[in-house]
Structures are given as structure tokens and as C-alpha cells.
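Please look over the sequence and the model below before reading on. The paragraphs that follow start at the ligand and then move to other parts of the chain.

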Amino acid sequence: MIVGFLGTGAISEAIIRGLCDKANYSDRILISKRSPGRSAKLAHDYDHVEVVAENASLVEKSDWVIVAVLPGQVEATLAKLTFRSDQKVISLAAGIPLARLSEWVFPCTNVSRAIPMPPIEFGMGPVALCPQDPSIEALFGRIGTAVSVSDEEQFNLFGAASAVMADYFDQVATVSSWMESHAMEPDTAARYTTSLYHALASLTLGQAPEDLQSMSAECLTPGGLNEQFLTTCTDSGSRDTLKAGLDDVLARLESNTDSTS
Ligand SMILES: NC(=O)c1ccc[n+]([C@@H]2O[C@H](COP(=O)([O-])OP(=O)(O)OC[C@H]3O[C@@H](n4cnc5c(N)ncnc54)[C@H](OP(=O)(O)O)[C@@H]3O)[C@@H](O)[C@H]2O)c1
């Protein structure tokens with residue numbers, strides 16, 4: 001099978017490096033010449049990755065086409081191309097619904113959306129998919145946790161939840177820099193904080209929904225430090241802010257306007 005990437009940006013590179021480095025993927029991969037430094041480096045690093053100068057040629061040669069240009073570039077990019085009914089098109093573009101994509105790639109009718117996350121480069125993290133397609137799940141399942149839904153409105157919930165990434169890193173950095181502000185060595189603060197967040201995130205992995213809901217209460221000692229901090233956060237409205245932020249991102253995705261990750 002030949003997979004072609006229309007757009008060789010940050011997320012295409014993460015997927016390709018994940019497949020090649022973490023999953024020993026060895027089928028042919030075609031990539032756009034655009035972002036010439038990045039595409040040349042990928043082709044240099046992996047024998048089975050090949051730069052294709054023209055998008056038309058890339059699409060013509062590919063069995064699966066992964067659309068990885070920015071949302072505002074998708075329509076213009078696809079409009080110039082001719083797809084076949086025997087191909088699969090997988091769009092990574094935030095906020096562009098299946099109905100519009102299907103118009104642009106007709107007569108190809110096998111159209112999906114995916115939301116990979118940057119940790120895919122290291123073979124980790126969720127890959128949201130819509131609709132369910134066992135062969136696409138199998139590919140992304142090699143380098144992440146493939147989670148599929150058949151309803152595009154449900155898919156938008158994944159899109160909204162994926163927006164917590166920058167806030168998560170900011171929280172880790174804030175705890176570390178707070179320690180520094182109290183005269184701790186930066187390396188010591190970072191070592192402690194990153195290990196703490198890593199361990200806690202690991203504990204949530206694979207928990208059943210009901211266990212996930214009770215983890216917070218179970219690690220509290222009544223009158224203890226965790227209870228004090230949780231109460232401060234809850235009373236200040238931080239959980240309400242989290243939910244309101246997710247609602248705002250969801251509303252943006254549901255408005256079907258162009259969005260960027
Ligand atoms: N980054 C993420 O974490 C992430 C996660 C999930 C989904 N996504 C989605 O994935 C898509 C790509 O995101 P990104 O972060 O990888 O963006 P990016 O780094 O800006 O990459 C976009 C790429 O598209 C290329 N391009 C633009 N027009 C093109 C055309 N007509 N033909 C071929 N290539 C073209 C650009 O080339 P030039 O540099 O030469 O302009 C660039 O290589 C977006 O739609 C985004 O919503 C991103």
C-alpha cells in the first residue's frame with residue numbers, strides 16, 4: 001500500500017517518524033515537496049519515504065491520501081486534484097466536515113477524518129477517527145490509541161478535548177516555575193514536576209469510567225494537603241472554566257468555520 005501526505009508539516013512529520021521509528025512501518029510513503037527542508041530530511045532519514053514534486057502526481061500514485069495542509073488551505077489544494085473511487089482520503093484538518101471533504105474529493109467516497117496528536121511521533125497518544133474504519137484504525141493503532149466514532153458531532157468532542165494540550169504543558173511549567181520563584185534550582189524543580197505529572201497521567205491510563213471519576217476522592221486525606229488544594233481550585237471556579245473552555249472550542253468546531261490546532 002502507498003500512503004501519500006498532502007502537506008509535509010509538523011503533524012505529517014510526527015506520524016511518519018512514529019510509523020518508521022516506533023512501528024517498523026516499511027511500505028512506501030509519498031510526501032509533498034512543500035516545506036522543502038522537512039520533506040528532504042524525511043526522505044533522507046527513511047529509504048521508503050519519497051518526495052513528490054507535484055500534488056497531482058502524489059495523489060495519482062497513492063492508495064491512501066492523508067490531507068495535512070492547514071484548514072484554510074484544504075479547499076484550494078483539493079480543488080486542483082483528481083481522486084479515484086478506489087482511494088481512501090483521510091483529512092487531519094480541524095473543523096472541516098466530512099460532507100465538504102466528500103464534495104472536494106469526489107468520486108472518492110471513502111473519506112475519513114483523524115486527529116492525531118504530536119506524541120504520535122513517540123508511538124503514544126490518542127488518534128480520534130470518524131467514521132469507524134478497521135484498516136485506518138489498524139494503521140494508527142500501531143502508533144497510538146485509535147478511538148473511533150461514527151457520529152461526526154461526537155468526533156467534535158475529541159477535537160475540543162485535544163485543545164487541552166497547551167494548557168497541560170502550561171500547568172506543568174507553572175508548577176515548576178513556582179518552585180523556582182521560591183529559589184529552587186530550575187533543574188531540580190523540572191525533574192520533580194515532570195516526574196510527578198508523568199506518573200499521575202500514567203495512573204489514569206486505561207481506567208474504567210467510574211474509576212476515573214473516583215481517583216481524585218480516593219487520593220484525598222480528609223483535612224490533608226490535596227484536599228486543601230482541590231478545594232481552592234474548585235472554589236475559585238477552575239473546573240467551571242475548564243468546562244466553559246471546552247464548550248467554546250466545541251462551538252467553534254460545530255460552526256464549521258476554519259480552525260487551527
Ligand atoms: N499540529 C498538530 O498537532 C495537529 C494535530 C491534529 C491535526 N492537525 C491538522 O493537521 C493539518 C496540518 O497541521 P500542521 O500543524 O502539520 O501544519 P503545518 O506544520 O503548517 O503544515 C502544513 C503543511 O502544508 C503545506 N502546504 C500548504 N499548502 C500546500 C499545498 N497546496 N500543497 C502541498 N502542501 C501544502 C505547507 O507547506 P509550506 O510550509 O511550504 O507552506 C506545510 O508543509 C492542519 O489542518 C491541522 O488542523 C494538526
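**Around the ligand**

In this predicted model, an oxygen atom of the ligand has a backbone N or O atom of T8 at a distance of 3.3 Å. A backbone atom of A94, again N or O, is 3.2 Å from an oxygen atom of the ligand. With S35 the side chain takes part: one of its N or O atoms is 2.5 Å from a ligand oxygen. How much of the ligand's accessible area does the protein cover? On its own the ligand has 900 Å² of accessible area, and 80% of this is covered by the protein.

Which elements give two or more residues to the shell around the ligand? They are α1, residues 10-22, and α4, residues 71-79. Helix α4 gives the most, with three residues. There are 21 residues around the ligand, and those that come nearest are A10, R34, S35, N55 and V69. Sorted by type, the shell has 11 nonpolar residues, nine polar ones and one charged one.

**A buried serine**

Next, find S39 in helix α2, which runs over residues 36-45. Is S39 buried or exposed? S39 has a relative accessible area of 1%. A residue counts as buried when this value is under 20%, so S39 is buried. A polar atom of the S39 side chain lies 3.1 Å from the backbone oxygen of K33.

**Two exposed residues**

Now turn to P134, which is placed in helix α6, residues 134-141. The relative accessibility of P134 is 65%. Exposed means over 50%, and P134 therefore counts as exposed. How far apart in space are P134 and A146? From C-alpha to C-alpha the distance is 9.9 Å, while in sequence P134 and A146 are 12 residues apart.

The last stop is helix α9, residues 186-204, where L203 lies. L203 has a relative accessible area of 52%, so it is exposed as well. Which residues make a nonpolar surface patch together with L203? They are Y192, L196 and L200, and the patch has an area of about 400 Å². To belong to such a patch, a residue needs over 30% relative accessible area, a value that L203 passes because its own is 52%.

To go back over the route, S39 is buried, whereas P134 and L203 are exposed. The ligand, where the route began, has 80% of its accessible area covered by the protein.

Conventions. Residues numbered from 1 in each chain as written. Predicted model: local features only at pLDDT ≥ 70, side-chain atom pairs only at ≥ 80, totals over all residues. Heavy atoms only, no water. Near = heavy atom within 4 Å. Polar contact = N/O pair within 3.5 Å; in protein donor to acceptor, adjacent residues only side chain to side chain. Areas by Shrake-Rupley, 256 points an atom, 1.4 Å probe, with all protein chains shown as cover. Helix = DSSP H or I, 4+ residues; strand = E, 2+ residues; numbered from the N terminus. Nonpolar A, V, L, I, M, F, W, Y, C, P; charged D, E, K, R; others polar. Patch = residues over 30% accessible without salt bridge, like charges linked within 9 Å, V, L, I, M, F, W, Y side chains within 5 Å. Salt bridge = Lys/Arg side-chain N within 4 Å of Asp/Glu carboxyl O. Buried < 20%, exposed > 50% of the residue type's maximum accessible area, 1.4 Å probe, protein only.
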